[in-house]
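Q: I'd like a close look at one part of this protein, and then how that part fits with the rest. Please keep it informal.

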Amino acid sequence: MGQRIHFVVDPQGWCCMGLLIFVWLYNTIFVPKVILFPHYEEGNISVVAVLCYYFCSLFCVASLFRASVADPGKLPENPKIPITEREYWELCNKCNMMRPKRSHHCSRCGHCVRRMDHHCPWINNCVGEDNHWLFLQLCFYTQILSSYTLILDFCHYYYFLPLKKENWDVFVFRHELALLRISAFMGLIILGGISRLFYTQLMGIFTDTTSIEKMSNCCEDISRPRKPWQQTFSEVFGTHWKILWFIPFRQRQPLRVPYHFANHV
């Protein structure tokens, strides 16, 4: 079964996501044109460095678009509740629908989401059970791409040999310094923000708590079963194969775990 498409009508989210796409396009176009291709032609860097940059860029934008349009775990209007699991469901006081525990109602999207972590305006979508793994990949590859860009900006001025061939008729070479300063500034801002967000997300998976649960302090129950970190990560990514945790071009299949493990709070 393919992943359902989820689209949120939110102008604020469109602006935030549009800003991310602009930063991605800026670095994907100007960094190779100013740094990678000229230094590759003069033998200062290998083709591997060029390919790695484009692979990071591809994985970054793929996880961004998939996290944005993926269904985060929206509950159907009339969910079928197995008799053995009814005690783990509760009534939402906002939409008056039955939902499994650890679900939350998103006021911006207007519906309940299974194991909702938070609503992220940067992807214009909720981060829930079905797209949390894509959001983690987005944070990871954004850090990699931002770090790679900052390293290239630094090496261009302080490590690589000066370019012998210069085409001053091209706009990017006439404004090279300004373009790379903008690139470095955006890289520092995004790297700082994403690194903090990625850290909080990792800690949430290690402790098996969502951001909403942390803010509401509803996970103080010491009787809740504790799972090893490999199990919690496997449940988020939908597979025990760790290499697949880094691939955004696949379909997530929920792991079958005991219901009280997955939903008891």
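Which residues of α5 are buried?

A: Bear in mind that this is a predicted model. In α5, the buried residues are Glu176, Leu179, Leu180, Ser183, Met186, Gly187, Ile190, Ile194, Phe198, Gln201, Gly204 and Ile205. The helix itself has 32 residues and reaches 46 Å from its first C-alpha to its last, close to the 46 Å expected at 1.5 Å a residue. Just past the end of α5, Asp208 takes a positive phi of about 60 degrees. There's a record to set beside this as well: an unreviewed UniProt entry lists 179-199 as a transmembrane region, along with 12-31, 43-65 and 138-159.

Now for the rest of the protein. It has eight helices and six strands, and along the sequence they run α-α-β-β-β-β-β-β-α-α-α-α-α-α. Of its 265 residues, 46% count as buried. If you take the contacts between residues at least 6 apart in sequence, 65% of them join residues at least 24 apart. On the outside, the protein exposes about 14900 Å², and carbon and sulfur atoms supply 65% of that.

α5 also has a part in the largest nonpolar core, which has 43 residues. Within that core, the residues with the most contacts are Ile35, Tyr53, Ile123, Leu152 and Phe237. The elements giving it two or more residues are α1 (11-41), α2 (47-69), α3 (132-158), α5 (176-207) and α7 (229-237). Of these, α3 gives the most, with eleven residues. There's also a second, separate core of seven residues, and Val8, Cys106, Met116 and Ile212 are among them.

Ile123 is a good place to zoom in on the main core. Setting aside its neighbours within four places in sequence, Ile123 is in contact with Met17, Leu64, Ala67, Ser68, Asn131, Phe135 and Leu138.

Over in helix α2 you'll find Ser57. With a relative accessible area of 1%, Ser57 is buried. Again leaving out neighbours within four places in sequence, Ser57 is in contact with Trp24, Thr28 and Leu145.

Two of the spans from the UniProt entry can be checked against the model's own backbone. Residues 43-65 are 83% helix and 0% strand, with the end C-alpha atoms 35 Å apart. For residues 138-159 the figures are 95% helix and 0% strand, and the end C-alpha atoms lie 30 Å apart.

Finally, the cysteines, since you may be wondering about disulfides. The count comes to zero, and the cut-off is a pair of sulfur atoms within 2.5 Å. Take Cys95: its sulfur is 3.5 Å from the closest cysteine sulfur, in Cys112, so that is too far for a bond. Cys95 is partly exposed, with a relative accessible area of 24%. For Cys16, the closest cysteine sulfur is in Cys15, and at 6.9 Å that is also too far for a bond. Cys16 counts as buried, because its relative accessibility is 14% and the limit for buried is under 20%.

Key. Residues numbered from 1 in each chain as written. Predicted model: local features only at pLDDT ≥ 70, side-chain atom pairs only at ≥ 80, totals over all residues. Heavy atoms only, no water. Core = buried A, V, L, I, M, F, W, Y, C linked by side-chain atoms within 4.5 Å. Buried < 20%, exposed > 50% of the residue type's maximum accessible area, 1.4 Å probe, protein only. Helix = DSSP H or I, 4+ residues; strand = E, 2+ residues; numbered from the N terminus. Contact = heavy atoms within 4.5 Å. Areas by Shrake-Rupley, 256 points an atom, 1.4 Å probe, with all protein chains shown as cover. Expected span 1.5 Å × (residues − 1). UniProt positions renumbered as here; feature names shortened; annotations may be inferred.
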